[in-house]
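With the model open in your viewer, please follow the selections below in order, and pause at each one before going on to the next.

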Amino acid sequence: MTWLRDWSHSEHVALRVLCLPGAGTAAHTFRHWSQLLPADIGVLAVELPGRGSRSGEPAVRSMEEILRPLSEEVAALDDRPLVVFGHSMGATVGAELCRALGRERGFTPDLMIAAACEAPRLTPRKDYSRWLTEEGVHDFLRYMGGTPPELLADEDYMRMLLPALRADLTVLATRPPAEDRPLGCPVRVYLGGSDPGVHPERAAHWRAESNGDFAVHTFASGHFFVQDKVTEVLARLRADVADLLGVVAAPAPVRRPEYRPRQR
């Protein structure tokens, strides 16, 4: 697989969670989830070009460049239930991925979880174009929080981060595909109670993307609650998955087998 990283401990899982990271981040953000979730829940994450293990590739700058190859790989996961979990930009991409899968592959994921993200089809749309300059990227990082001041002042770190983050903001600043039909699956929205970039009333419009099965859960943290409150987030995810799919949401054991990458 080129676009997906599979950290499941077994091929015999009851369902899979496909994780899409936020702007400027990479698939490894979710790598430890496989250690924290029950073994019957498989964990995969999306690795965009120009990030993480694909850092040597040119970054993509439009939603269409992401959706065509990504939907082709994700369509192969239709042999068991699939939950799409997107954080921030990842939720926007995840919603369009669900639409592309239904439109082109006849495959609808079983659940969409949108974390730290306003509804993708709202008007007026959030203006990301003001953050596309080098100074704007710095402003974006300060506005969203979560980046220590010493890293913002580290020229080497910023030089490494800027190309991917600017490319991701460009994706968000461009118009999404024209299709506007709902996702056709249940939707859960996870919010940080002190997130400066997401207004709860605008996030609540994700309801229009669902098949009618919809709920919002709020965590006591900011935009990066997915990292700050990972125990609470995964407990909520297990409960949502169990309620929807009837999967036993047993707590993860204290010790898990040592991670060994599967040979491809």
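Select Asp-168 to begin, and show its surroundings: leaving out residues up to four places away in sequence, Asp-168 touches Gly-22, Ala-23, Gly-24, Leu-48, Arg-51 and Met-89. The model in view is a predicted one, and in it Asp-168 is found in helix α6, which spans residues 155–173. With a relative accessible area of 1%, Asp-168 is buried, since the cut-off for that word is under 20%.

Keep α6 on display and add helix α4, residues 134–144, whose axis lies 10 Å from that of α6, the two packing at an angle of about 90°. That angle makes α4 roughly perpendicular to α6. To see the contact itself, show the side chains of Glu-134, Val-137, His-138, Phe-140 and Leu-141 in α4, which meet Met-158, Leu-161, Leu-162, Leu-165, Arg-166 and Leu-169 in α6. Sorted by class, this contact of α4 with α6 has 8 nonpolar, 1 polar and 2 charged residues.

The second helix pair is α2, residues 63–74, together with helix α3, residues 89–105. Here the axes are 9 Å apart and the packing angle is about 60°, so α2 and α3 count as oblique to each other. The crossing of α2 and α3 is right-handed. On the α2 side, select Met-63, Ile-66, Leu-67, Arg-68, Leu-70, Ser-71, Glu-72 and Val-74, and on the α3 side Met-89, Thr-92, Val-93, Glu-96, Leu-97, Ala-100, Leu-101, Glu-104 and Arg-105, for these residues make the contact. By class, the contact of α2 with α3 comprises 10 nonpolar, 2 polar and 5 charged residues. Met-89, which belongs to the α3 side of this contact, is also one of the residues that Asp-168 touches.

From α2, follow the chain into the loop that leads to β4 (82–87), where Leu-77 is found. Is Leu-77 buried or exposed? At 7% relative accessibility, Leu-77 counts as buried. Not counting residues up to four places away in sequence, Leu-77 touches Leu-4, Arg-16, Leu-44, Leu-82 and Phe-107. Of these partners, Phe-107 is worth a distance label: Leu-77 and Phe-107 are 30 residues apart in sequence, and 9.6 Å separate their C-alpha atoms in space.

Next, show the aromatic side chains, among which the structure holds 6 aromatic pairs. Start with Trp-33 and Phe-85, whose ring centres are 5.0 Å apart and whose planes stand at 75°, so the pair is edge-to-face. Because Trp-33 lies in helix α1 (residues 33–36) and Phe-85 in strand β4, this pair ties together parts that are 52 residues apart in sequence. Both Trp-33 and Phe-85 are buried. Phe-85 also pairs with Tyr-190: the ring centres of Phe-85 and Tyr-190 are 6.1 Å apart and the planes are at 65°, so this pair too is edge-to-face. Since Tyr-190 lies in strand β6 (residues 185–192) and Phe-85 in strand β4, the pair ties together parts that are 105 residues apart in sequence. Phe-85 counts as buried at 0% relative accessibility, and Tyr-190 counts as buried at 0% as well. To see the whole group, select Phe-30, Trp-33, Phe-85, Tyr-190, Phe-219 and Phe-225, which form one aromatic cluster.

Where does the chain go beyond β4? Ser-88 has its place in the loop between β4 and α3, and its phi is near 55°, a positive value in a residue other than glycine. At 16% relative accessibility, Ser-88 counts as buried. A further residue to select for its backbone is Ala-116, which has a positive phi of about 55° although it is not a glycine. Ala-116 sits in the loop between β5 (111–115) and α4, and counts as buried at 3% relative accessibility.

For the last stop, go to the loop between α7 (200–203) and β7 (210–219), where Glu-209 lies. Which residues are in contact with Glu-209, leaving aside its neighbours within four places in sequence? They are Arg-99, Pro-120, Arg-121, Arg-181, Pro-182, Leu-183, Gly-184, Cys-185 and Val-187. At 5% relative accessibility, Glu-209 counts as buried.

Definitions and conventions. Residues are numbered from 1 along each chain as its sequence is written. This is a predicted model: local features need pLDDT of at least 70, side-chain atom pairs count only at pLDDT 80 or more; totals for chains, interfaces and linings use all residues. Side-chain values use heavy atoms; hydrogens and water are left out. Helices (H or I, at least four residues) and strands (E, at least two) are DSSP runs, numbered from the N terminus. Buried means under 20% relative accessible area, exposed over 50%, partly exposed in between (1.4 Å probe, protein chains only). Contact means heavy atoms within 4.5 Å. Axes are lines fitted to C-alpha atoms, for helices over the stretch in contact, and angles run from 0 to 180 degrees between N-to-C directions. Angles under 35 degrees count as roughly parallel, over 145 as roughly antiparallel, 65 to 115 as roughly perpendicular and the rest as oblique. A crossing is left-handed if the near helix is turned anticlockwise from the far one by less than a right angle, and right-handed if clockwise. Ala, Val, Leu, Ile, Met, Phe, Trp, Tyr, Cys and Pro count as nonpolar, Asp, Glu, Lys and Arg as charged, and the others, Gly among them, as polar. Rings of Phe, Tyr and Trp (its six-membered ring) pair if their centres lie within 6.5 Å; planes under 30 degrees apart count as stacked, over 60 as edge-to-face and the rest as tilted.
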